[in-house]
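Subject: Structure handover

Hi,

Here is the structure I promised to pass on. Please open it next to this email; my notes follow below.

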Amino acid sequence: MTDLEPIPAELQAMINTARLIATRAHAGQVDKAGRPYVHHPERVVAMLRLLPTYAAADVGTRADAIAAGWLHDVIEDAGETTDSLLAAGISTRAATAVSALTRRDDVDEDAYYAGVAAQPIARLVKIADLADNLDPERTARLDPQTRDRLAAKYAHALDVIEVERSLIDSLHAASVRPGSQPGQRLLRVGVIGFGLRGVVARYADRPDQGSAVTVVCDTSTRGRRDARSAFPDALITGDLETLLASGIDAAFVLTPDDRHEPVALALLRAGIAVFCEKPLAVTIAGCDAILRVAYETGSRLYVGHNMRHMPVVRLMRELIEDGRIGAVQAIWCRHFVGHGGDFYFKDWHADRRHSTGLLLQKGAHDIDVIHYLAGSASASVTAMGARRVYGDGAARRDPGEARMTDWHDPTGWPPRTLTDLNPVVDVEDLSMMIMRLESGALASYQQCHFTPDYWRNYTVIGDAGRIENLGDSSGGRVALWNRRHERWAEPDESWPIPDGDGGHGGADPEMVAEFLRFVRAGGPTTTSPVWARQAVAAAVIATESLRGDCSARAVPPLADDVVAYFAAGQQRE
């Protein structure tokens with residue numbers, strides 16, 4: 001059905017309204033299997049789209065049928081009325097179909113089905129409704145007596161509305177997703193915040209692989225518009241409560257950093273598995289609160305430290321684990337943030353109220369990689385930093401709903417000519433951090449936002465050699481020195497950095513696939529919520545150091561019971 005005429009924006013808006021009404025109307029309701037009831041109208045709409053008569057209908061009829069599919073139980077089960085649906089913007093044809101689909105005490109069974117059969121849109125929806133009710137996977141969960149009673153009831157309904165059972169069987173066959181396992185249900189995925197990192201959620205919208213983005217929540221007009229374009233079949237809302245009531249299994253938290261904590265907490269408390277974009281939160285207390293609630297509720301938590309999946313980091317980690325440089329004693333990271341002005345000083349990133357600072361917001365990635373390569377987290381840190389280039393005398397403007405992709409100019413140079421900075425700029429553009437790791441190894445991280453080039457260089461020194469990446473993506477290489485040399489020498493060995501399909505050298509789709517697998521089946525993951533917290537903690541304490549007296553400061557530990565829970569794969573003994 002990919003060649004069907006697209007449903008225009010104004011009719012898509014009506015469908016979205018219908019879905020909002022259904023989601024709110026069925027909030028808290030469950031079906032006989034204990035699953036959120038709102039999944040039923042969702043499946044009905046999916047069945048509806050498979051009907052040949054749906055494909056043959058004009059675009060207006062298709063839109064009305066989808067709206068009626070979402071709403072077919074809201075008068076009967078949730079107290080809506082035909083008038084309330086019309087007042088909300090539902091079309092007359094769709095509202096009339098919902099009225100026809102509503103059972104009434106004064107109408108007997110045959111008269112009800114005859115009324116449905118006489119209304120073309122209602123009949124379409126009822127066929128899809130019966131197909132869902134007769135789905136073998138769901139009827140198999142019923143006790144034999146109930147199963148036989150409902151089978152007779154639905155067979156009679158098919159006779160009255162003149163539908164062959166073979167059509168229902170064909171819908172069941174067509175609704176099986178290619179590559180899905182027997183009994184594997186679709187993972188319903190939500191998205192909170194659809195900005196620049198919204199691209200990550202697109203990798204989860206793979207119905208043929210068992211997952212689909214079914215709802216997106218964004219408080220901005222632009223975010224909702226972009227989400228509607230990216231996920232035309234999803235519910236689009238600005239209300240988090242509506243998303244929480246939508247029956248999702250998992251959610252991506254892709255908001256600005258200072259909103260991670262409250263959104264993640266709400267999701268975890270609702271029993272929804274969470275993918276939280278890094279950093280986990282902008283304070284240590286925020287991280288600890290998220291981890292504690294995940295521990296107490298048992299809701300699964302995953303943090304989007306995608307660099308652990310990047311080919312350059314994987315290659316370096318493999319060399320370390322293979323013993324090619326001995327035991328790690330030191331790690332140096334130099335981060336050349338060539339587009340730092342455009343990326344981090346023209347919006348909320350430049351305001352420490354929202355980001356804490358760039359040693360956290362930008363540096364959390366590299367601090368986590370340093371910990372990952374060393375196999376050890378920071379015990380104490382010290383730092384120095386300053387704002388050396390961006391801010392003084394530069395023109396300011398409120399970015400509104402504009403994004404970095406709207407203003408980024410890769411030819412802009414030198415950095416001091418940058419204009420249109422964020423109204424508040426109080427974060428450092430140059431930072432240097434030193435870490436003493438729990439293993440005793442030492443590490444350093446330098447971050448500069450006004451370099452002419454944009455990449456990061458890791459040097460890892462062991463007691464039997466060192467490795468260094470020259471470039472951090474495809475076309476670069478990882479070099480190894482593990483023999484004695486008098487002076488500078490070419491590497492003793494080197495390996496090209498492989499490439500992959502998708503963002504960050506293939507790291508983004510691999511990370512999303514790992515998250516979805518973890519939601520469905522559990523098991524070990526490459527990323528770690530505890531290590532994500534340790535990266536935030538090290539960055540926060542380092543930021544306090546650089547804004548204070550630059551003294552060495554201890555990184556506070558995490559509670560032992562929480563550490564043990566996550567070390568066990570988020571499983572209680």
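Start with an arginine and a ring. The charged end of Arg317 sits over the ring of Tyr372, at 4.1 Å from the ring centre. A second case involves Arg300: its charged end lies over the ring of Phe518, 5.4 Å from the centre. Bear in mind that this is a predicted model.

Next, ring against ring. Searching the whole structure gives 13 aromatic pairs. One of them is Phe194 with Phe231, an edge-to-face pair. Their centres are 5.5 Å apart, and the planes meet at 70°. Where do the two rings come from? Phe194 is in the loop between strand S1 (187-192) and helix H13 (198-202). Phe231 is in the loop between helix H14 (221-230) and strand S3 (235-237). The pair therefore ties together parts that are 37 residues apart in sequence. Both Phe194 and Phe231 are buried.

Phe345 and Tyr390 also pair, this time tilted. Here the figures are 4.8 Å centre to centre and 35° between the planes. Phe345 belongs to the loop between helix H19 (340-344) and helix H20 (352-355). Tyr390 belongs to the loop between strand S8 (378-386) and helix H23 (404-407), so this pair ties together parts 45 residues apart in sequence. Phe345 has 0% relative accessibility, so it counts as buried. Tyr390 is buried as well, with a relative accessible area of 5%.

Rings also group: ring pairs join Phe252, Phe275, Tyr302 and Phe515 into a cluster.

Now the nonpolar cores. The largest has 82 residues. Leu267, Met433, Met435, Val460 and Ile467 have the most contacts inside it. Helix H25 (residues 529-546) supplies the largest share of this core, eleven residues. Take Ile467 as a case. Setting aside neighbours within four places in sequence, its contacts include Met316, Leu319, Ile320 and Ile325. Tyr458, Val460 and Leu480 are also among them. Apart from the largest core lies another, of 52 residues. Val59, Ile66, Val74 and Ala97 are among its members.

One last residue: His260, in helix H16 (residues 260-269). Is His260 buried or exposed? Its relative accessibility is 0%, and under 20% means buried, so His260 is buried. Not counting residues up to four places away in sequence, His260 touches Val253, Thr255, Cys276, Glu277, Lys278, Pro279, Leu280 and Ile290.

Best wishes

Notes:
Residues numbered from 1 in each chain as written. Predicted model: local features only at pLDDT ≥ 70, side-chain atom pairs only at ≥ 80, totals over all residues. Heavy atoms only, no water. Phe/Tyr/Trp six-rings, centres within 6.5 Å; stacked < 30°, edge-to-face > 60°. Helix = DSSP H or I, 4+ residues; strand = E, 2+ residues; numbered from the N terminus. Buried < 20%, exposed > 50% of the residue type's maximum accessible area, 1.4 Å probe, protein only. Lys NZ or Arg CZ within 6 Å of the ring centre and 35° of its normal. Core = buried A, V, L, I, M, F, W, Y, C linked by side-chain atoms within 4.5 Å. Contact = heavy atoms within 4.5 Å.
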